[in-house]
Amino acid sequence: MPGAAFAGDYHRVWATSTLVCSDCHTLHAGSVPYPVLLKYATVNELCASCHDGTDTKAPDVISPVTMYTGDEHSGAGFFANTGGSASDVAHDLGVSAAIPMSTKPAMTLICTTCHDPHGNGYYRNLKPDPDGDTSNITVTIGTNMFQQNSPPIPPNAATVADAYKESNIGYKSNISAWCSQCHDKLASNQAGTLPSHFKRHPADVPLNSAGYHADTANWITNPLGNPTSGGGVATGDAVYGIPRLRYQVSTATDYASAKTVAVSNQVFCGSCHTAHGMKYQKNLVWPYRKQTGIDNTDAFAACQQCHNQSYWSGSPHGNTTTGVARTSSNPTGACNQCHDMHDDVTSYNYALYTTNTNSLCFTTGCHVNASASYPAQEADRNAVGYFTTKRWPGQTSYENATYSQHYLDADCIYPGKSYSAGDCKNCHDPHGSANTYDMTLNTYIDGGVYTNYQLCFDCHNETTGPAGMNIAGKYVKNLYSIADNQSGHQIRNSAKSVSNFAGSKLAIGDKLPCYDCHGPHGSKGNNGTQPNKKILSDQRTGWSNLDTAVAANNRTFCLGCHVASNGVAGSNTVEGIAMNTIPVFPSTGFQPHATTGTDSCSDCHGDNYTNNTARNAHHPDNSDCKFCHNAAQGSHRQVVQNGGTGGDFDDTTHHIGDVVGTENVTNADCVMCHKQSNHPYTTDATTIYLRNVDTGAAITYVRGDTSSANLTNLDNFCLACHDAAGANGDTTPFSDNAVALDVNAQFNTANPSHHAVKGARYTPAGASGILAAAFVNGWADNSTLHCSDCHCTATNAHGDGKAVASRPSLIKGYTSGTVYPGGTAGVDGYICFLCHGYLTYDTPNITTPNNSRFDHNANGGHATKDVYRGIYCLVCHGGYVKGYIHGENDTSDINIMQHFLSGAALRSWQRSGANESCNTTGSISACSQHNGGKTYGYNY
């Protein structure tokens, strides 16, 4: 070691020195000698007389200092003044002040508080017990620290700067203990609550201690190897990065080993502070605090050297202009906006100024209130479509458990994390992350493939998502990733309605970003007072108080982006795409795409979340009904031809037109009857979701279920259309423009005759005078029945290939080969005989009591045995007006109307005769088919 003197030996007058007592004291100071015969009025003035830079052979400790070339400052720094004036950048000389981080009383600091003016052999003549409590903490060169160049004795200007500059000293131990004699609250490291290991920044601990959140690799490469992570050439040069902080080497044996950079280097008080002071507040060696006239480019550089939060400087929090600004006393975006290294009042984990919960985020000046000009609009997107601002609805909205499902839901904990439900850190890393926006734990960026929204999908998936998550949220990832062109609410460009993609931020086929429909922090409503459910976005006008389970709300939400078929093309812009109008339905009576529509968009495009391929807003059903159903689909039959052959709508009799070989059905016809919200993925192969055409409400019908309740559901479905109003006022709702027959009125129980769908006509049984023998299969004259008893709607309302051409309207027919009582095999029978006894009307013996008074089966007569010869039942019964077989609401002749005796033949005969001899009130003897001399039991 060059030279033999220790720092401060110059003051040891009994050693090799040129300092003499008279340099500081005088025996003849005049009439008013200073205390202890000093040459100056105060100790501080005396010391400053040499150490203020005027004596180039003595180290300069008073600002400004220019002598330490090569280093930014001396090892101890410098005082702001010679004493008597308070300062916030240095220890104050000659000023009574409270001791920071101390339980001890205020004191007035003078130079000799810490230094022995006569020398003592310790480093810098430091006293072992500066606070006078006999702690006796010694700091010795060669034991606790090491120096490369010793100050010469006697001193000279050429070498004094090298001896006292910062880089001349290597540290091993005891500095922190010496400082804590006065700053006794820092005497020991304050343990935190796991996973935090401390409540204030620890000292005298290795960087690589477990859980200390240090990046030792970054520490090794600094100061110049990785300047973006804290290392740099100079402090305050307006270029981010500062020289390496000082450190201790607990195993050092000499200067070289004390200056060896290693992962086990220790932080100590001198790492951040100088003993005398600096130009930066709190004696710090870099601008940790905000000061007038001080460049704050390096505000978090020192912290980064050890901790290397590598994404901090580029994060919204770390931005030096728009970042964290909790207090005006600290630089914007600096670490001390959240961390207070030595806070002796609160002592929270991680040296935070409050608990490490959402309360940290919801501090005044941070995330309490909604972002300015909330909510974001289309103009607030960046170049790739992301909303970089105006998306935070405020603490009150986020903490509204009804409208913010991500808050305090017991299951809302990020996979692999142990935070509380609803904790902001479940989705965000407050120090920044590798992800492009908003410091999210995983990607949540612009459009394209579904992996761009992995932050959401880490939870919203069926394998790693929270166990208690609502089933509607479990399958979302799969609904984005499955291989079809609807997954992820894909961007499409309909050939019928081409949108303007000139300014588009997404390409055709891209998945729609989650943030276009949802606000992950909850909702306050576009109007600021009426939040939306399902954390729906508040972006667009009208998006307030929305519940997409309500048809009107559902339409409002969807038409916030899509332009109604009768709207103005280009009036809505989404992701830079000027949206064209939605295509018009090829039907005049049903226009769900128009503003006048009332159906929920989900009715056609899906609202089923029961499995991972279901159709819903994340995977909308945009398929063409006819395109899909032109072939059998699983357990479902082929429905249409769509240019091919076969299908229900080409059967002998069918809905929508009734001409064999003529198929008029359209997509609009399909959704007129079918409720699409659970299509096509139902819970079983037999459940059919139908639509009440008047109200839009779902009607569930289970095929094969013969219970009265299930068949009544089907009746209600049929009668919603087959009434005076037709389909919500449209009496020609289908593409064939046929009028929907008002059978609801014909079933009126007050009609003279009616089939009893809406209620029994006669009570009790037999009140009509018709004997029980006139019925078969359990029917009676007071039975109620269902539409499906006569029509094949229970099995196939589309069409029926078993019916013959002369029996339209989906009327049932016996299966070929069925033998009727007394009939012949292989002949299709008439629908009436499903209920009415065949034999009653089949005997020629009209003299037999209780048989028919009319010979329905006379050879060459009015035969009704089968449909291929003779007359039909409707010729005499219910055939005068179409639909009268449902019920007689014509009261012009009450006698004719009873028992459906209003057939076309009867009406025609009566009008040509004078005495209405076939009327039941008149004579019947004139007709060869009647026997006027017999008393009959009325069996019909």
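Trainee: Where is S102 in this predicted model?

Mentor: In this predicted model, S102 lies in the loop between β1 and β2, the latter being residues 107-108.

Trainee: And is S102 buried or exposed?

Mentor: S102 counts as buried, because its relative accessibility is 12% and the limit for buried is under 20%.

Trainee: Which residues does S102 touch?

Mentor: Leaving aside residues up to four places away in sequence, S102 touches C182, H183, D184 and K185. Two of those contacts can be described further. The S102 side chain reaches the backbone oxygen of C182 at 2.8 Å, and it also makes a polar contact with the side chain of D184, at 3.3 Å.

Trainee: Nice. I'd like to look at another serine, S404. Where is that one found?

Mentor: S404 is in the loop that runs between α10 (395-398) and α11 (454-457).

Trainee: What is the relative accessible area of S404?

Mentor: The value for S404 is 0%, so this residue is buried.

Trainee: What does the side chain of S404 reach?

Mentor: The side chain of S404 reaches the backbone oxygen of H521, at 3.3 Å. H521 is also among the residues that S404 touches, along with S397, Y398, G522 and I535, again not counting residues up to four places away in sequence.

Trainee: Changing topic: which residues touch the most other members in the largest nonpolar core?

Mentor: That core has 24 residues, and those touching the most other members are F649, V665, L690, V693, Y701, L714 and F717. The elements giving two or more residues to this core are α17 (667-673), β11 (698-702) and α18 (708-721).

Trainee: Which element gives the most to this core?

Mentor: That would be α18, with six residues.

Trainee: Can we zoom in on L714? What does L714 touch?

Mentor: Not counting residues up to four places away in sequence, L714 touches L690, Y701, S788, T793 and A794. Two names there, L690 and Y701, also appear in the list of core residues that touch the most other members.

Trainee: What about a second core: how many residues are in that one?

Mentor: The second core is separate and has 22 residues, including L245, W286, F300 and L360.

Trainee: On to cysteines. How many disulfides does a search of the whole structure find?

Mentor: The search finds zero. Take C427 as an example: the nearest cysteine sulfur, that of C412, is 6.3 Å away. C427 is partly exposed, with 30% relative accessibility.

Trainee: And why is C604 without a bond to C625?

Mentor: Because the sulfur of C625, the closest cysteine sulfur to that of C604, is 7.3 Å away, too far for a bond. A disulfide here means two cysteine sulfur atoms within 2.5 Å. As for its surroundings, C604 is buried, with a relative accessible area of 16%.

Trainee: Let's talk backbone. Which residues does the cis peptide bond with omega of about 0° join?

Mentor: That bond joins S63 and P64. P64 is found in the loop between α1 (43-51) and β1 (96-97). There is also a cis peptide bond from L194 to P195, with omega near 10°, and P195 sits in the loop between α4 (175-179) and β5 (205-206). For context, most peptide bonds are trans.

Trainee: What is the phi of D204?

Mentor: Phi of D204 is near 60°, which is a positive value in a residue other than glycine. D204 is found in the loop between α4 and β5, and it counts as partly exposed at 32% relative accessibility. H213 also has a positive phi, near 60°. H213 lies in the loop between β5 and α5 (216-221) and is partly exposed, with a relative accessible area of 42%.

Trainee: Last one, about α1: which of its residues are buried?

Mentor: In α1, the buried residues are N44, L46, A48 and H51. They pack against α2 (111-114).

Trainee: And what follows α1?

Mentor: G53 follows α1, and its phi is positive, near 95°.

How values were computed:
Residues numbered from 1 in each chain as written. Predicted model: local features only at pLDDT ≥ 70, side-chain atom pairs only at ≥ 80, totals over all residues. Heavy atoms only, no water. Helix = DSSP H or I, 4+ residues; strand = E, 2+ residues; numbered from the N terminus. Buried < 20%, exposed > 50% of the residue type's maximum accessible area, 1.4 Å probe, protein only. Polar contact = N/O pair within 3.5 Å; in protein donor to acceptor, adjacent residues only side chain to side chain. Contact = heavy atoms within 4.5 Å. Core = buried A, V, L, I, M, F, W, Y, C linked by side-chain atoms within 4.5 Å.
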